[in-house]
Each structure stands twice: as structure tokens, then as C-alpha cells.
Amino acid sequence: QNTVQLEFDSKQTIVINKHIYGHFAEHLGRCIYEGFYVGESNTTVPHTKGIRNDVVEALKKLQIPNLRWPGGCFADTYHWKDGIGSKESRPTIVNNWWGGVTEDNSFGTHDFLDMCELLETEPYLAGNVGSGEVQELADWVQYVNFSGRGPMSDLRKLNGRQEPWSVKFWGVGNEAWGCGGNMTADYYSDIYRKYATFMSDWGNSGGLYRVASGASSDDYNWTETLMKKIPSSLMKGVALHHYAVIDWSKKGPSIDFTEEQYFKTMKSAWFMNELVEKHSAIMDKYDPKGKIDLVVDEWGGWYEVEPGTNPGFLYQQNTMRDAMIAGMTLNIFNNHARRVKMANLAQTINVLQAVILTEGEKMLLTPTYHVMEMYKVHQDATLIPLKLTSEDFTFKDEHIPAVSVSASQNSSGQTHISLVNIDPKVAKKISVDMGEINAKAVNGRILTAKKLRDYNSFLEPQKISPQQFTAAVLNGGKIEVEIPPFSVIVLQVN
Ligand code: AHR
């Protein structure tokens, strides 16, 4: 009953941009402090200039293509000049958005950009439009990107960095409709034009990739207004934020969720498909040539904070449910790679749908980490369009597709097919018609668990990790496979 028809076409040129596999790190809870950064003194955690070595190693294995910073809501309160110069001279401020905690600015621009070099990833800086000034953001761009002589580039050199970092990705504010300033779409579009105009590219080849603060979920009017009012010369990306939640007024636990809560979370995650299609259709109307990209720079599951598990703001336990969200959402982005060119999972460490959790010297990889690691084969590969017929996953009288799939071919001619069965109880038989692809051998990896609510803990950090999967069978031009309940599989076809 579940069939996939691959429609490979050698003239097809849609590439799954590696930046779809991006990450997001905010000054929130224990994401930056304790997560990425432990400082250079008073710590027993092995580090390089205060950055945890274990985290760097784990993220390098994921080949993370970009990392967004410093927010989120924090970005529109952040004054970058607070975070440069000697650490002793940096002011201590209050992180008003996230718990009113003390922020000593010991992790600032140099710390972040040098860390990106360690991670071999591209930085994506989010500028302050909400409480900042045009000149302040223009100055940050000069500080970071200009090689010649200027007040800001000279200051950077004085602070020990001669060569610019040449940062391409810049967010012009964040959630301008909410924590970024409670603006209307019209007002934001007008001030966006002003900010973007003064963000010079300082002669860097390729120019800046400026991303406009985008819609919250299904606020289609927001996207429409931006597309109508901002020319493509000033805007390379339009953002979209959507979290998989049960219900914002109730939310739910991150471990002991009920069957209904599981269904609602999956339904909310699946809603991303409709969102991407509808926002893309609006963009197509104003930009038929596809000059402007859809940038989903915040996505993931958002549950209630569970007291007592692991302290920290917006900490939540990442279970097999999160692996389901990740597998399904990344398939949606892959399949819409024509318009979606970048996306950022919220957030990398200890916050929301984290890929890494830390506790003192200990670090563990979550089920979501393993999905990202299994899916990295799609980065910069050519999308293989497909048709899917799926059984439903039903709860009472509501239903969504139980199976999710995407496929790509890399430059060595290998095909990768990622399959997700979100049904918590029933295995799914899937028949994949390879179409024009001449399949000679198939093997794969699977991520699943004994129970849907299972997770990796500091006591059992390897409880959930990918295993070899040998049950896929080649039968003529088809692959026949049965995929267990709540599992993610990536097949490699040679
Ligand atoms: O990721 C947590 C928060 O969610 C971000 O700061 C904000 O942009 C969004 O509302």
C-alpha cells in the first residue's frame, strides 16, 4: 500500500542546498554558556580558547554547514560592541528575554566567529533591528567584513584579528512581528530597506546574503508584504519560523507524552509541508525566477520545560519522537529544495530540539543528532523528485501520512533514500520503484528504539544510535522494504 516512484531526470538540476542542514545557537539557557563555551579558566572541561573540544568534534562529524547566532529574540536586544575587547572590559548586562539572567558578554563576536572556523562552518549573524540602530548594524558588518582601513575594521585589528571573517549570511532582525519589535509587516518592510541599504558588502565577492525576518507559521500576509515591498537586490532570503507544538496554550511533556500528544506533535511537524508550499507559492507570484530563497531559520519540537531533568531554560528531553520530527521535516525541506535553500534547527545544545546535551564534563548525542548525521548524505546532492502513496497515521478522526520520504543522487552517482515511519505501532511495507536508476546493490542504516519515549541519557548515552539495516531487498527495478514503527532509515543504492 505504500509506494514510492522515483522520477530521476538527468536534466534535472535542483540541488539540495547543504545549508538546509544548518543550526542555531542563541544566548538562551545553557546553549552558549556550558553548551558551547565553558570559559578559559575555572573549568575541567577540555577546551580550545573556552570552546568545548567534545562539542567541536561532534559537530564536525555532522558537517554543519552554517550556524546562526546570537538569536532569536536575544538578537534584537544584543549590542555587539558589548562583546568585543578584553573580557574584563566587557559590560555585564541582563538577558531580559531569557530568564533575566546575567550575561557577562564573555562570548562575543570574536569568540563566535573563531569558533565557526574551528567548526569549519559558515557563520550566520542576526542583526539587531528591534532595539538597535541602522549605524550599529552597518558598523558590525564593517567590523567583521572589511579588509581596508575604517573605524570599525581598525578596531577589529586592534582587538587582534587582522583579516576579516567575510561573513556572507546576515539576518536583518528576528521575529519582527513579535519579540523583534511587534512591528507590522508594512513597517518592517520599510525599515528593512533602510537597514539593508546601509549594510555594505565591503567589496566582498558575491555580496551579502541578507535575510528578512519572516512569518510565524501561517502568517501568509507577512510573506506577501515583504515580497511586494522589498526588491531582490536587497533581500536574498525570506525567513519562516515554525515549531512542532501540541498546542501553544497547553504544550506537553517532553518524555511522558500521550498517544494524542504524539499525534498532535507529528501533525504540527507535518504542517511544515503546507507552510512551505503556500509561502513558496506567494514567493513564486512575485519572484517567478526564484531569486529569493525561503529560509526556515527556526524549526523543531517545542515542549514544556520538565523540571528536575537537567536544569536550564527551555531544556527538554530529546526522545525518539524528536527523531521523527527531524526525519520528516528534513524530507520536506529536501523535497522543496527549489525554494528552500537554508534551514536551522532550534537549537544546537541543551535548548529545545538539541542535537547535543551537556552536563559538566559529559556530553551526549541525541536521537536528532543521529538523524542529522544519517541525512548529511543529502547535502549538496541532486534532488530526485518522487511520488509517494502512503498509508495514514490516524488518531480518532484526524490523519496524516505515516510515511515520509526524500531521495537524492550525489556526484559519485550514489542514490540515497531517507524513509520515515512515524506510526508508533505498525510497521510499513514500502515498495520503491527506482524508475530510470539502475540499482545494483542496496544497504542502509536505521535509527529506532525499543520504545517511542526512549532517549539517550548520561547513564545510557548510546541507548539510541544508528544500526546497519540489511532488510531492504532489490527486486527487479524495485526496492522492497519493511520499516518498523517509529523509525528512520537511510538507504544507499549503488
Ligand atoms: O528558539 C527560541 C525562540 O523561538 C527564539 O529566540 C525566537 O526567535 C523564537 O520565538
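This is a short dialogue on reading a predicted model of one protein chain with a ligand.

Trainee: What should I know before I start?

Mentor: Residues are numbered from 1 along each chain as its sequence is written. The model is predicted, so local features need pLDDT of at least 70, side-chain atom pairs count only at pLDDT 80 or more, and totals for chains, interfaces and linings use all residues.

Trainee: How many helices and strands are there in the protein chain?

Mentor: Helices (H or I, at least four residues) and strands (E, at least two) are DSSP runs, numbered from the N terminus. The protein chain has nine helices and 27 strands.

Trainee: How compact is the protein chain?

Mentor: Use the radius of gyration, taken over C-alpha atoms. Compare it with the globule rule, 2.2 Å times the number of residues to the power 0.38. For 494 residues that rule gives 23 Å, and the chain's radius of gyration is close to this at 22 Å, so the chain is as compact as a globular protein of that length. Along the principal axes, its C-alpha atoms fill a box of roughly 65 × 50 × 45 Å.

Trainee: Which residues are around the ligand?

Mentor: A residue counts as near a molecule or strand if its C-beta atom, placed from the backbone, lies within 6 Å of it. Around the ligand are E26, G71, G72, C73, N174, E175, E298, A346, Q347 and L352.

Trainee: How does that shell divide by class?

Mentor: Ala, Val, Leu, Ile, Met, Phe, Trp, Tyr, Cys and Pro count as nonpolar; Asp, Glu, Lys and Arg as charged; the others, Gly among them, as polar. The shell has three nonpolar, four polar and three charged residues.

Trainee: Where are the cis peptide bonds that involve G72 and Q347?

Mentor: One joins G71 and G72, with omega about 15 degrees. G72 sits in the loop between β5 (66-69) and β6 (93-95). Another joins A346 and Q347, with omega about -10 degrees. Q347 sits in the loop between β13 (340-346) and β14 (356-359). These four residues are listed around the ligand too.

Trainee: What is the phi of E34?

Mentor: E34 has a positive phi of about 85 degrees, although it is not a glycine. Look for E34 in the loop between β2 (22-24) and β3 (47-48).

Trainee: Now helix pairs. At what angle do α6 and α7 pack?

Mentor: Axes are lines fitted to C-alpha atoms, for helices over the stretch in contact, and angles run from 0 to 180 degrees between N-to-C directions. Helix α6 (residues 220-229) packs against helix α7 (residues 259-286) at about 20 degrees, with axes 9 Å apart. Therefore α6 is roughly parallel to α7. Angles under 35 degrees count as roughly parallel, over 145 as roughly antiparallel, 65 to 115 as roughly perpendicular and the rest as oblique.

Trainee: Is that crossing left-handed or right-handed?

Mentor: A crossing is left-handed if the near helix is turned anticlockwise from the far one by less than a right angle, and right-handed if clockwise. α6 passes α7 in a right-handed crossing.

Trainee: Which residues of α3 and α5 meet?

Mentor: Two residues are in contact if their C-beta atoms, placed from the backbone, lie within 7 Å. In α3, V134, L137 and A138 meet K194, Y195 and F198 of α5. By class, that contact has five nonpolar, no polar and one charged.
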